[in-house]
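Dear colleague,

I am passing on the structure that I have been looking at, and I would be grateful if you could read the notes below alongside it.

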Amino acid sequence: MGDTPMLERLPMTRLHALDATAMLSGYASGDFTPRDVIESLNAHVTQWEPQLCALYAWEPERALTEAAASTERWRKGEPQGALDGVPATVKELIATEGHPIPLGTAALEPAPATADAPCAARLREAGAIIFAKTTIPDFGMLSSGLSSFHHLARNPWDLSTNPGGSSAGAAAAAAACYGPLHVGTDIGGSVRLPAAWCGLTGFKPTLGRIPIDPYYTGRCAGPMTRGVADAALMMATLSLPDSRDATSLPYEQVDWFAPAEPPVGLRVGLMLDAGCGMSLDPEIAVAIEAAARIFEDAGAVVVPVSPVMNQAILDGVDVFWRAKFWGDIKDLDESKRSLVLPYITEWARGGEDVSGVEAVRGFNRTFELRATCAELFDSVDVVISPVTPNVSFPADWASPLNDPARPFDHCAWTLPWNMSEQPAISVNCGFSQEGTPIGLQIVTPRYKDLQALQLAAWFESQCGRVERWPGEADSPPA
């Protein structure tokens, strides 16, 4: 799926900016080694990380040791697995053995994890080099890089802007070419939102397709990469079974490398109204309408569709999550709770007096949403829409509105598909006049993860990949 960048573009000092597919090809041919790549990556991160602040638990020496072992395996023609020697990161809240999981907040004192979570375990088994973890906001509760524990993560396209979240560091690291493979998690848009604001491919698969621990309603792990081919490559590894996820699907052998599929004959629903939340930025509307014409020109039947969200559903979800999260933090000592970002504490305190009946009513709105999503797919094969209603926002804001009274107003395009359990993928479809990336969301029926990737790969081939990433520059932006 998709093209890999030409090796000739990059000197040995920029091997970190190659796609995974190109890295693996270079290892196999002997043009360069995993150690060459990690040396390039370490030098790059050393230069960029003081400004970007995307990483947690970065271990450059350990990465070099693992790269040397991988180099020897490739020299013998005995690679360990499908990703041997490829640099990768996982989100901070995905457990890696020996590392504490602070959940982005200064309020906790976590012990080191005793085992790798499923995503990290699968990557290591495939030979990937997990050289670092990536930063998140407090408790992963914001679409922002703002954290009381980590330094402020920034968007490499413009350091004054936000990478989004909660997979904030993952998105920043990917766009800054901190290696090719990054894993985020998504319960309302936390893979797709930052992917859109950073110009990436961000894939939220069907719930349970990628085993995850801990699991929760709507919570998925997913690839965050600079191209669809690398997302497909990651799916082949991340979707392998793990019994720790009681919500995971039965393992299915999927040809994740199947060719891109054009949308000929498909009935494509164009959703330009989220039904609630923030109003759609005109520049984003123009970009999505242009994307719809690309589908139409390829033989799809594009039809306008009504929103699946409404304000009552969004308010219900907000009430439930306030109550749940207040329950999570209310027993913290006041001295500890005072360390949580004030935005989050103010938002969560709105759940202090929510009754059990009110919380359940709020949660039940998600089943109403699920039914509406299912009904929509009785009339269309695919839905395309914006990922975000807005272009990126100031780096030090907690959310696009920076208002704890309206915390989810930017999630109305992404949240529905977590609740309906459907695959949804963000791919870049252009830039604003100020140079901010804009994301197109492609949604397919439940279990049709491969179709989502194939359509994304086809669209990428038509719209063109991002030509030059911030991380390919000689130095970080001022």
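What follows covers the confidence of the model, the annotated domain and one strand with its neighbours.

Please bear in mind that this is a predicted model, in which the protein chain has an average pLDDT of 96, with 97% of the residues scoring at least 70. Residues 2-7 call for caution, since their pLDDT stays under 50, and the model gives them 13 contacts beyond four places in sequence.

According to UniProt, in an unreviewed entry, residues 37-451 are listed as "domain: Amidase". Across that span the end C-alpha atoms are 32 Å apart, and its content is 34% helix and 14% strand.

The strand I looked at in detail is β6, residues 220-225, where six of the six residues are buried, that is, under 20% relative accessible area, so the strand is largely enclosed by the rest of the structure. In a regular strand the side chains alternate between the two faces of the sheet. In β6, Cys 220, Gly 222 and Met 224 point one way, while Ala 221, Pro 223 and Thr 225 point the other way, and all of these are buried.

Which strands pair with β6? Strand β4, residues 181-186, runs antiparallel to β6 and is joined to it by five bridges, with Gly 184 standing opposite Gly 222 of β6. Strand β5, residues 201-204, also pairs with β6 in the antiparallel sense, over two bridges, and here Gly 202 has Met 224 of β6 as its bridge partner.

With best wishes

Key
Residues numbered from 1 in each chain as written. Predicted model: local features only at pLDDT ≥ 70, side-chain atom pairs only at ≥ 80, totals over all residues. Heavy atoms only, no water. Buried < 20%, exposed > 50% of the residue type's maximum accessible area, 1.4 Å probe, protein only. Helix = DSSP H or I, 4+ residues; strand = E, 2+ residues; numbered from the N terminus. Pairing = 2+ DSSP bridges. UniProt positions renumbered as here; feature names shortened; annotations may be inferred. pLDDT = per-residue confidence, 0-100. Contact = heavy atoms within 4.5 Å.
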